[in-house]
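Dear colleague,

I am passing on a structure that you may like to look through at your own pace. Please open it first, and then read the notes that follow it.

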Amino acid sequence: MIDPKLLRADLPNIAERLKLKHYDLDCNHFSMLDAQRKDQQIEAEALQQERNSYAKSMGKLIAQAKANGDDIEPLKQRGEQLKNDSSTADAKLAEVQTAIDELLQGIPNLPHASVPAGNDESDNIEIRQWGSPLELSFGAKDHVDLGAKLNGLDFDTASKITGSRFSYMRGGLASLQRALTQFMLNTHIQDHGYEEVYVPYIVNRDSLFGTGQLPKFEEDLFKLEDERGFYLIPTAEVPVTNIYRNEIVDNLPIKFVAHTPCFRSEAGSYGRDTRGLIRQHQFEKVEMVQFVHPNDSWDVLEELVGHAEAILQKLKLPYRTVALCGGDLGFSAAKTYDIEVWLPSQKKYREISSCSNFTDFQARRMKARFRNGQGKPEFLHTLNGSGLAVGRTLLAVMENYQQEDGSIEIPNVLQPLMNGATHIRV
RNA sequence: GGUGGGAUGGCAGAGCGGUUGAAUGCACCAGUCUUGAAAACUGGCAUAGGUUAAUAGCCUAUCUAGGGUUCGAAUCCCUAUCCCACCGCCA
């Protein structure tokens, strides 16, 4: 959520900045609502005060009336009148406040000054490249063909078990995915200073609101048939970031890493990436989440991207890093870097990680705070990044390490985690 | 799934319809004393929102959350959540 005070103080400027994200803020509507709110609130609080002070004096008034032998009823009626007046004013205020809250909750985070303008991913700016795109002397197969030949990746069986956009792996490929997960976790824990956490894979509405998936993006989620309003997590970001919802923490930064499955309904992506592992309803991801002091979040974002890139470098997978343009930026993010890995079969870079600074946007929704120098609670900043999407990393390894005979060489750093095996063979 | 007991400020813990935003203790901050520290003493010490130039005053809300009863609720009623105990079931 954007700071409502900021919005009041600097409305035209904020509206201008939000245009970069293609969000059209109706300034007049907001101003009108806020003016209404102000009038209503002053009135409601004044009536409340009158009601309170009358109720407080009631004890004495009753004693006095009784001493004089007077009827107490008129005193009570006066109280009732005050109650009714203040209730009416409260109801009006609540109505205006709800309208404002709905408007406020629908406003995306402000993009950072460095975010480039643009409409979609084609306008993203390449920041750097690492490694050179793989050139094969033989025709590059894609991971689906490679996996089928290895008898290790089977989408037909998965669709029998469940449906489309699920996968079934066996043997070396299943182990390789597990080795990748383990490798990523170990690297982040040992080299990058993260603490591993284990979290629920089912979350409630409050958590999804906190990180910004709700109320606007419900169609992307799998909702459970359960009156408690539970959802499968679309990313570990949700449970991990919400660890500090409604908390005041005292030691920043806090760096967590978690491995979880992720569940996405992929509504609205019919026909996109239907082949293979790229876009699945269920996939594994290692996620880094940081809670930091507001002064540090921009430096930490650069560091976080570096942590994700380190995995690709150790795996010797060529990639490039891009800064998302305003139109491609997510709802809650102030700035996002995507890391895209080279896929020889597609001769394209494809997203494998997304690292974002959410500034205080999630923290305000979650009421996640720390004590500043004066000991006052202040909203902290949250960041997260995939480190990495495991399924996509698996397919990138398969394609970039494929041999002419269809076997897959196992990257050096993974071999110890694969019982020393060097190849996955037919 | 069943039964019973809980949830109060940073922590512990009173209060159980009427000047209670909330006793007391601990912790914390400032001061007095001291060469310094400790002890003792004095004072301070919640959060959010509004109003405001103001992190000054003033107002409102908040005793897990949401409803209700009442002129008045931390206190009474209902619901939810979580915790604890026991029974049943279970990886």
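**Cores and the RNA surface**

In the largest nonpolar core, which has 51 residues, those that touch the most other members are Leu176, Leu180, Leu312, Leu317 and Ile424. A nonpolar core here is a set of buried Ala, Val, Leu, Ile, Met, Phe, Trp, Tyr and Cys residues joined through side-chain atoms within 4.5 Å, where buried means under 20% relative accessible area with a 1.4 Å probe, protein chains only. A second, separate core has 18 residues, including Ile2, Leu25, Ile100 and Leu103.

This is a predicted model, in which local features need pLDDT of at least 70 and side-chain atom pairs count only at pLDDT 80 or more, whereas totals for chains, interfaces and linings use all residues. Residues are numbered from 1 along each chain as its sequence is written, chains are lettered from A and ligands numbered from 1 in the order in which they are written, and side-chain values use heavy atoms, with hydrogens and water left out.

RNA strand B is surrounded by 20 residues, the closest being Arg8, Arg37, Arg51, Ala55 and Lys83; a residue counts as near the strand if one of its heavy atoms lies within 4 Å of it. Of the strand's atoms within 4 Å of the protein, 81% belong to sugar or phosphate, and the rest to bases. A polar side-chain atom of Arg8 lies 2.7 Å from a phosphate oxygen of RNA strand B, while for Gln48 a side-chain N or O atom is 3.4 Å from a phosphate oxygen of the strand.

With kind regards

Methods. Polar contact = N/O pair within 3.5 Å; in protein donor to acceptor, adjacent residues only side chain to side chain. Buried < 20%, exposed > 50% of the residue type's maximum accessible area, 1.4 Å probe, protein only.
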